[in-house]
2 protein chains.
Amino acid sequence: MRLLVVEDEVRLARALQKGLRSEGFAVDISHDGASGLESARVGNYDAIVLDVMLPRLSGYEVVRTLRRERNWVPVLLLSAKDGEYDEADGLDVGADDYLTKPFSYVVLVARLRALLRRGAPERPAVLVAGDLVLDPAAKQVARGDATISLTAREFSLLEYLMRRAGEVVSRLDLLEHVWDSYGVSEANVVEVYVGYLRRKIDTPFGRAAVTTVRGVGYRLETDGG
Amino acid sequence: MRLLVVEDEVRLARALQKGLRSEGFAVDISHDGASGLESARVGNYDAIVLDVMLPRLSGYEVVRTLRRERNWVPVLLLSAKDGEYDEADGLDVGADDYLTKPFSYVVLVARLRALLRRGAPERPAVLVAGDLVLDPAAKQVARGDATISLTAREFSLLEYLMRRAGEVVSRLDLLEHVWDSYGVSEANVVEVYVGYLRRKIDTPFGRAAVTTVRGVGYRLETDGG
DNA sequence: CGCGGCTCTCAAGCTGCTCTCAGCATGCCT
DNA sequence: AGGCATGCTGAGAGCAGCTTGAGAGCCGCG
């Protein structure tokens with residue numbers, strides 16, 4: 001089992017390396033966010049232990065970036081703060097587990113083992129379809145390198161379509177899940193909003209992620225069109 | 001994403017509804033166990049937030065009943081007690097996650113997101129006949145590597161034929177099952193549509209998946225022709 | 001209080017799907 | 001082979017369903 005430990009505090013990093021090695025892990029160390037990200041990309045690790053407070057690039061940024069790049073290596077976050085916000089943020093951002101400093105070494109090893117057992121999570125925290133990426137927590141959408149700004153309604157619509165990517169989703173289904181008021185709305189809200197969405201995520205890129213299936217509904221292509 | 005919140009404390013329920021709506025969820029409320037169960041049954045929710053201490057029917061009972069009815073909607077339990085027994089009970093009973101009151105709103109949202117992420121419903125199987133593949137959920141058809149675009153009627157026709165692959169299906173049978181209106185249609189709709197279908201799934205590939213059985217009907221070859 | 005942005009309604013216009021009809025091709029029986 | 005029955009196909013009318021633009025109401029913000 002090959003681990004990467006990203007931790008700027010040198011003594012703690014050393015201690016972890018030594019301890020984990022004695023548990024039988026192969027352990028590499030990075031001391032800042034940027035080099036940690038770089039190592040994570042190329043290193044083919046079985047798991048990563050990642051401090052949140054890091055120079056150059058925070059642990060959050062590192063996980064988020066990895067997940068954007070569809071790298072689902074198990075990540076265990078370490079944070080000095082113990083606010084609830086941190087935990088939530090970390091998990092939202094795509095980490096798999098979380099420990100607050102000061103942590104017990106034994107607990108760390110136990111959690112790591114659990115992570116490795118579980119393997120990479122089958123479902124990432126961000127939704128991906130081809131070059132379309134939607135981050136529910138950050139409320140952000142990107143196509144390729146371009147960040148796309150959506151209104152709340154447009155975002156919900158795209159999120160639901162992406163969660164059911166590949167399937168045809170009916171208008172009624174959308175009314176029920178994206179608009180609270182199922183049956184209340186008589187008019188063609190759904191059509192209108194699909195139109196808005198296409199103008200933002202399809203037209204500028206000359207590709208169609210959202211397909212109309214006449215008489216049935218709409219389908220988001222799993223390959224992003 | 002459509003959520004049901006079952007919580008008897010009116011102010012908390014309101015607050016949750018407001019907050020979750022601002023996150024982009026569609027939120028319904030029930031104030032007791034019995035009506036919550038009823039809503040859960042018919043509401044087609046993506047997830048349910050369920051208080052344990054409820055009038056008329058406890059949260060435990062609600063989950064237990066749902067699971068008995070083979071309803072696997074993701075459920076997050078909320079409890080005022082914080083003994084470990086509760087958690088175990090809740091999870092035993094079939095809940096997917098658990099929070100103790102007082103809980104952090106941010107954590108609730110993060111856990112909900114995790115639940116929704118996990119709750120990917122697996123798609124129903126596709127129909128296969130030789131190199132012909134039909135996906136009812138995606139409303140898509142492929143022959144070998146080529147994706148074929150069919151109209152709604154053509155799709156229904158092929159789907160019915162594929163479900164009865166190998167059998168000879170009569171015109172009357174098709175009128176009844178593919179065209180709602182059995183007997184209404186006097187003309188040769190079926191022939192016409194079989195024609196359309198062949199032009200799309202047979203002619204371009206130089207093979208005949210649909211065979212005419214004179215005086216009887218049509219048969220879809222199990223080996224795709 | 002005015003402004004801008006978001007949500008939703010409405011109506012007009014267009015696309016392309018569905019079905020009919022008529023004529024042609026093919027198969028079957030004597 | 002001839003003649004009848006059955007199935008196939010091309011053309012086109014009608015229309016349901018989708019798209020789009022314009023604009024009204026509403027809310028939050030300065």
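**Close-up views of a predicted protein–DNA model**

Half of chain A is tucked away: 50% of its 225 residues count as buried. Please keep in mind throughout that this is a predicted model.

**Figure 1. Chain A as a whole.** Let us start with the overall make-up of this chain, which holds 8 helices and 12 strands. Its accessible surface comes to about 10300 Å², and carbon and sulfur atoms make up 49% of that area. If you look at contacts in chain A with a separation of 6 or more, 57% of them involve residues 24 or more positions apart.

**Figure 2. The hairpin of β6 and β7 in chain B.** Here strand β6(B), residues 127–129, runs antiparallel to strand β7(B), residues 132–135, and 3 bridges join the two. To find your way, look for L127(B), whose bridge partner in β7(B) is L134(B). The hairpin has 2 residues between the strands, and G130(B) takes a positive phi near 65 degrees.

**Figure 3. From β7 on to β8 in chain B.** This view follows β7(B) to strand β8(B), residues 140–143, with which it pairs in the antiparallel sense over 4 bridges. One handy landmark is D135(B), bridged to Q140(B) in β8(B). This hairpin has 4 residues between its strands, and K139(B) in the turn has a positive phi of about 55 degrees. While you are looking at strands, a general point may help: in a regular strand the side chains alternate between the two faces of the sheet.

**Figure 4. The protein surface around DNA strand C.** Both protein chains take part here: 24 residues surround DNA strand C, and the closest are T151(A), Y196(A), T151(B), R153(B) and W179(B). Of the atoms of DNA strand C that come within 4 Å of the protein, sugar and phosphate account for 68%. Four helices each supply at least two residues of this surface, namely α6 (152–163) and α8 (189–201) of chain A and α6 (152–163) and α8 (189–201) of chain B. By class, the surface near DNA strand C has 14 nonpolar, 6 polar and 4 charged residues.

**Figure 5. Side chains at the bases of DNA strand C.** Zooming in, you can pick out Y196(A), which has a polar side-chain atom 2.6 Å from a base nitrogen of DNA strand C. In chain B, a polar side-chain atom of Y196(B) lies 2.7 Å from a base nitrogen of this strand. N188(B) joins in too, with a polar side-chain atom 3.4 Å from a base nitrogen of DNA strand C.

**Figure 6. The protein surface around DNA strand D.** Now for the other DNA strand: 20 residues surround DNA strand D, the closest being R198(A), T212(A), Y218(A), R198(B) and Y218(B). Sugar or phosphate makes up 65% of the atoms of DNA strand D within 4 Å of the protein, and the rest belong to bases. Helix α8 of chain A and α8 of chain B each supply at least two residues of this surface. Its residues divide into 4 nonpolar, 6 polar and 10 charged.

**Figure 7. Polar side chains at DNA strand D.** N188(B), already seen beside DNA strand C, also places a polar side-chain atom 2.8 Å from a base oxygen of DNA strand D. From chain A, an N or O atom in the side chain of R214(A) sits 3.4 Å from a base nitrogen of DNA strand D. For a view of the backbone, turn to Y218(B): an N or O atom in its side chain is 2.6 Å from a phosphate oxygen of DNA strand D.

How values were computed:
Residues numbered from 1 in each chain as written. Chains lettered and ligands numbered in written order. Predicted model: local features only at pLDDT ≥ 70, side-chain atom pairs only at ≥ 80, totals over all residues. Heavy atoms only, no water. Pairing = 2+ DSSP bridges. Buried < 20%, exposed > 50% of the residue type's maximum accessible area, 1.4 Å probe, protein only. Contact = heavy atoms within 4.5 Å. Areas by Shrake-Rupley, 256 points an atom, 1.4 Å probe, with all protein chains shown as cover. Near = heavy atom within 4 Å. Polar contact = N/O pair within 3.5 Å; in protein donor to acceptor, adjacent residues only side chain to side chain. Nonpolar A, V, L, I, M, F, W, Y, C, P; charged D, E, K, R; others polar.
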